[in-house]
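Let's take a friendly walk through a protein together. Have a look at the picture first, and then read on.

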Amino acid sequence: MNRRTFITSTCAATVGLVSVPSRIDGDLTEGRGPPGVAWRRTYDEFGVGSIVPAHDDDYVLVNSRHRTADADVPVRVVTIDQSGAVRQRQTINPDVPEDARRARTDVIRTDAGYAVGTGPWFATLDPEFSVTTTGFAADVEANSTTYLAELPDGIAVASELVWSDRIATRVFGFDSDGNLRWSRTYDEGNNRTLTFLLAGPDGGLVVGGPGGGGPWLASIAADGSERWKTNPDDVPDGVGVDATVAGDDGFVLAGPSSMVRLTTAREIEWQRSYDAFPEASFGKVAPTADGGYVVAVTTGLDRVGIVRTDAQGRLQWSYEYAVVDEGAVYLTDVVEHAPGEYLLVGTRRDSREGLAMLLSGAETPPPTPTPTPTPTPLPLDPDTATPSPTETAASTTTPGFGIGTALAGLAGLAGGWFARRR
């Protein structure tokens with residue numbers, strides 16, 4: 001068993017209350033409306049790739065890596081508190097060949113702690129971020145997107161291999177000791193782009209993403225046997241860029257302007273389309289505590305749009321937010337922070353800084369935005385683009401692993417870490 005202790009260091013953090021331009025567009029129901037911005041933070045040299053709720057009230061982030069980056073960039077895992085300040089971190093250098101270190105990272109919460117992965121490699125962590133188990137599918141190429149899911153007795157890893165003319169997705173099942181038990185490959189002519197891996201409501205896995213002629217999905221049992229695979233017909237364009245489990249008998253596929261609910265029998269229960277953001281691209285979906293959904297989409301180089309629906313996908317409200325004062329961002333994930341609160345994370349395109357922004361119903365929505373140029377459509381894996389060298393003058397950062405925003409808080413020392421609170 002390979003165990004590591006987390007590396008203690010110091011970092012600076014600041015937090016500010018931000019008023020950013022936005023636009024309202026949608027049907028407000030039951031007195032609920034769009035939230036305002038509670039706080040915004042940036043994280044220098046740590047583009048955020050994924051976020052999950054921690055076992056306490058905090059959140060766990062993993063850094064954003066991409067196949068065009070330096071293969072020696074480590075996997076970095078961070079805990080932030082409810083104000084966005086860094087509380088704990090771990091740096092892991094996977095002992096795998098160079099090609100296997102170029103893939104995007106993912107993080108999930110498990111029953112015993114967490115798991116992180118990149119390409120065909122993963123590690124499980126205890127709640128203090130010490131490595132408890134590692135697994136690696138040797139002699140398997142993977143150079144792009146990675147997703148993880150917990151199995152009843154191990155971890156599943158889905159990874160993507162991008163060639164010049166096609167894309168394949170592979171799924172690996174590891175036991176609790178990190179031994180590879182099974183693998184499956186999806187490469188049937190049309191591109192099998194990977195955008196989600198779900199621990200399915202029936203105890204297995206659902207893997208999929210956009211394909212050559214629409215979304216593709218496959219259901220895999222915990223032992224690696226394939227239950228079914230399908231390409232849903234007659235669904236809106238763009239559906240399949242993300243997905244989430246929906247109740248006990250299905251899942252929701254999301255796109256920039258549409259959602260579709262499928263049952264485990266692959267039947268379409270409902271589909272909805274929205275015209276809230278005509279230029280929307282990409283998209284991430286997350287379930288909410290009341291059974292509804294929140295969808296975050298890219299609407300401009302510096303802006304994101306939020307769509308809130310009920311459990312049947314009916315629009316409740318939509319709103320647009322400017323994420324940065326200048327420059328451009330990649331949206332990478334969204335989670336419900338608390339009822340009526342949503343935490344967005346992403347990465348600046350210019351400096352590769354990470355960012356987090358909390359939206360809260362306790363805050364007043366900001367004013368209508370000033371129009372900005374329509375964005376160039378982003379790739380499904382936003383980390384594959386090469387950033388420009390432009391720097392922003394709107395925020396301050398601390399070299400190494402610092403955090404910067406427009407306003408500073410109070411400094412304090414806790415457990416070997418500097419953290420600044422509001």
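Strands here are DSSP runs of type E with at least two residues, numbered from the N terminus. With that in hand, E98 can be placed: it lies in the loop between β6 (86-92) and β7. Please keep in mind that this is a predicted model.

**The whole protein**

The protein has 422 residues, and 59% of them count as buried. Its secondary structure comes to 0 helices and 32 strands. Among contacts between residues at least 6 apart in sequence, 56% join residues at least 24 apart. The protein exposes about 16500 Å², and carbon and sulfur atoms supply 46% of that area.

**Back to the loop with E98**

Is E98 buried, partly exposed or exposed? Its relative accessible area is 42%, and because partly exposed covers the range between 20% and 50%, E98 is partly exposed. E98 and D72 are 26 residues apart in sequence, yet their C-alpha atoms are 7.8 Å apart in space.

**Two open sheets**

After this loop comes β7, which belongs to an open sheet of 4 strands in the order β7-β8-β9-β10, with antiparallel pairing. Which strands stand at the edges? They are β7 (105-109) and β10 (131-136); each has a single partner strand, so one side of each is left without a neighbour in the sheet. Neighbouring strands of this sheet are turned by 15° against each other on average, direction ignored.

Another open sheet has 4 strands in the order β11-β12-β13-β14, again with antiparallel pairing. Here β11 (146-151) and β14 (180-186) are the edge strands, each with a single partner, so one side of each lacks a neighbour in the sheet. The twist averages 20° from one strand to the next.

**Strand pairs to find**

The table lists four antiparallel pairs that you can trace in the structure.

| Strand | Partner strand | Bridges |
|---|---|---|
| β8 (residues 114-118) | β9 (residues 121-125) | 5 bridges |
| β12 (residues 154-162) | β13 (residues 167-175) | 9 bridges |
| β15 (residues 196-199) | β16 (residues 205-210) | 4 bridges |
| β3 (residues 48-53) | β4 (residues 59-63) | 5 bridges |

Each pair has residues that face one another across the strands. The bridge partner of A115 in β9 is T124, while V157 stands opposite F172 in β13. L198 stands opposite V206 in β16, and the bridge partner of S50 in β4 is V62.

Two of these pairs can be looked at as hairpins. β15 and β16 form a hairpin with 5 residues between them, and G203 in the turn has a positive phi of about 90°. β3 and β4 form a hairpin with 5 residues between them too. In β3, 5 of the 6 residues are buried, so this strand is largely enclosed by the rest of the structure.

**Nonpolar cores**

Where do buried nonpolar side chains gather? The largest nonpolar core has 19 residues, and I306, Y321, V323, L344, M357 and L359 touch the most other members. The elements that give two or more residues to this core are β24 (293-300), β25 (303-309), β26 (315-322), β27 (329-338), β28 (341-348) and β29 (354-360). Apart from it lies another core, of 17 residues, including V96, V116, L125 and V131.

Terms used:
Residues are numbered from 1 along each chain as its sequence is written. This is a predicted model: local features need pLDDT of at least 70, side-chain atom pairs count only at pLDDT 80 or more; totals for chains, interfaces and linings use all residues. Side-chain values use heavy atoms; hydrogens and water are left out. Two strands pair if DSSP finds at least two bridges between them. Axes are lines fitted to C-alpha atoms, for helices over the stretch in contact, and angles run from 0 to 180 degrees between N-to-C directions. Buried means under 20% relative accessible area, exposed over 50%, partly exposed in between (1.4 Å probe, protein chains only). A nonpolar core is a set of buried Ala, Val, Leu, Ile, Met, Phe, Trp, Tyr and Cys residues joined through side-chain atoms within 4.5 Å. Contact means heavy atoms within 4.5 Å. Accessible areas come from the Shrake-Rupley method with a 1.4 Å probe; for residues, only the protein chains shown count as cover.
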